[in-house]
Amino acid sequence: MNTKIYLSEPRLEYPLKILSSGDKNVLEFETSIEKYLGNNKHVAALNSGTSAIQLALVLAEVAYGDEVLCQSFTFSATANPIVYQGAKPIFIDSEKDTWNMCPFYLEKAILESISRGKKPKAIIFVHLYGMPARIDEISSIAKKYQIILIEDAAEALGSEYKGIKCGTFGDFGVFSFNNNKIITTFGGGALVCENETDKDRAVFLATQAREAAPHYQHSEIGYNYRMSNLLAGIGSEQMEVLDENVELRRGINQFYQEIFKEIEGVSVFREPTKEYHSNHWLSCITINEVTAGFTREALRLQLEKDNIESRPLWKPMHLQPVFNDCEYYGDKVCENLFINGLCLPSGSNLTEADRSRITNSIKKLL
Ligand SMILES: *Cc1c(COP(=O)(O)O)cnc(C)c1O
């Protein structure tokens, strides 16, 4: 039989493997993530982590006027899709050990919503900087009140809790392959689903909700959220270095623990128990300026002077002007992390020379 003639195929003149046409690379990339995660998950490759969160909300049937509980201490991409759906975020504080969603305030917020006569439609929690959240407590609260659980694992590909990969605990899991994440497709994301039906629906919605017909037929509003085949080819190659990247980043965390071991008032963020295994996407410290004798900002400026990038931790969503009329349940844990915390250079390609420069810069302050 002749090879098929398509209506309009892209013209490809570069003999690169990743330039194969159709969706071959996308399907391969999805399979490689499914294999990596285990647990019989079904993965849809999308054009960003943000669109994965939005599709999770669509699949959870979050619509206009609904309430969604969301970790306050996070990047805005966690919360924005709630607003895209016309729903209302209710922000929840972090707890001290994992810096992630506090189960106590989560339950408090649920009970208050229920007493007002409206049960929240979904919960979005995050594994910030790669650190697994208090998964058991959060999962059992979601189960107890029968609320859909969305796990924002954008920063936590390769992290594990009790030996199980992050991204597989929620009703839906989310990954990002943005440029600065642990692996990159130069822009991309994935939605992890429990069953094939959800995955197929996600792919359907991500491809303009085009129905099976020879012509273009639509009964629903869709999205253009599918991952590009070209980028998926890069993704498959990146999956091969994922474990190596995790080890490198965990090594960097070790490096900072060595530097700050003897320095009073500075603590390097690390796993609270052996059940937690962080990919240490970014290594972070908190500074107690009274015992350390210098502020977070002093260290940041010193590093900046030496041309070394560092950044305050995420500014909580409930402190952002755009969300200032949203409800918040908490006790200032994430506010304090924002004031006292700093992310340090953590790239998988940090060299020995880079490390000496960082060490010297920090020592100038002591
Ligand atoms: C990066 C990130 C996202 C969004 O991913 P994109 O691919 O950039 O859309 C979502 N949540 C968190 C916590 C992130 O760090």
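Helices (H or I, at least four residues) and strands (E, at least two) are taken as DSSP runs and numbered from the N terminus. The model described here is predicted, and for that reason local features were accepted at pLDDT of at least 70 and side-chain atom pairs only at pLDDT 80 or more, whereas totals for chains, interfaces and linings use all residues. Residues are numbered from 1 along each chain as its sequence is written, and side-chain values use heavy atoms, with hydrogens and water left out.

Q217 lies in the loop that connects α6 (196-206) to α7 (229-239). With a relative accessible area of 32%, Q217 is classed as partly exposed, the scale being buried under 20%, exposed over 50% and partly exposed in between, for a 1.4 Å probe and protein chains only. When neighbours within four places in sequence are set aside, Q217 is in contact with A209, R210 and E211, contact meaning heavy atoms within 4.5 Å. The side chain of Q217 also makes a polar contact of 2.9 Å with the side chain of H215; such a contact is a pair of N or O atoms within 3.5 Å, of which, within protein, one must be able to donate a hydrogen and the other to accept it, and residues adjacent in sequence count only if both atoms are side-chain atoms. Between Q217 and G347, which are 130 residues apart along the chain, the C-alpha separation is 46 Å.

A second loop residue, H318, is placed between β13 (311-312) and β14 (327-329), and at 13% relative accessibility H318 counts as buried. The side chains of H318 and E335 form a polar contact of 3.0 Å. Residues up to four places away in sequence not being counted, H318 touches S72, F91, Y328, C334 and E335.

Around α3 (76-84), the loop leading to β3 (88-92) contains Q85, which is buried at 14% relative accessibility. Apart from residues up to four places away in sequence, Q85 touches Q54, L57, V58, V62, A63, Y64 and Y223. Within α3 itself, the buried residues are A77, T78, A79, P81 and I82, and the elements covering them include α2 (49-59), β2 (67-71), β3, β4 (122-126) and β5 (148-152). Just after α3, G86 adopts a positive phi of about 75°.

Positive phi values also occur at residues other than glycine. Most residues other than glycine have a negative phi. E61, in the loop between α2 and β2, has a positive phi near 60° and is exposed, with a relative accessible area of 60%. Y129, in the loop between β4 and α5, has a positive phi of about 55° although it is not a glycine, and at 2% relative accessibility Y129 is buried.

Two helix pairs were examined for packing, with axes taken as lines fitted to C-alpha atoms, for helices over the stretch in contact, and angles running from 0 to 180 degrees between N-to-C directions. Helix α8 (residues 242-260) packs against helix α12 (residues 352-365) at an angle of about 30°, with the axes 11 Å apart. The two helices α8 and α12 are therefore roughly parallel, given that angles under 35 degrees count as roughly parallel, over 145 as roughly antiparallel, 65 to 115 as roughly perpendicular and the rest as oblique. The crossing of α8 and α12 is right-handed, the near helix being turned clockwise from the far one, whereas a left-handed crossing has it turned anticlockwise by less than a right angle. At this interface, G251, I252, F255, Y256, I259 and F260 of α8 meet R355, I358, T359 and I362 of α12.

Helices α4 (residues 103-115) and α5 (residues 135-144) pack at an angle of about 15°, with their axes 10 Å apart, and α4 and α5 are therefore roughly parallel to each other. The crossing of α4 past α5 is right-handed, and the contact involves P103, L106, E107 and I110 in α4 with E137, I138, I141 and K144 in α5.

Zero disulfides were found in a search of the whole structure, a disulfide being a pair of cysteine sulfur atoms within 2.5 Å. C166 takes part in no disulfide, the nearest cysteine sulfur, that of C284, lying 16 Å away, and C166 is buried with a relative accessible area of 0%. C193 is likewise in no disulfide, the nearest cysteine sulfur being that of C166 at 17 Å, and C193 counts as buried at 0% relative accessibility.
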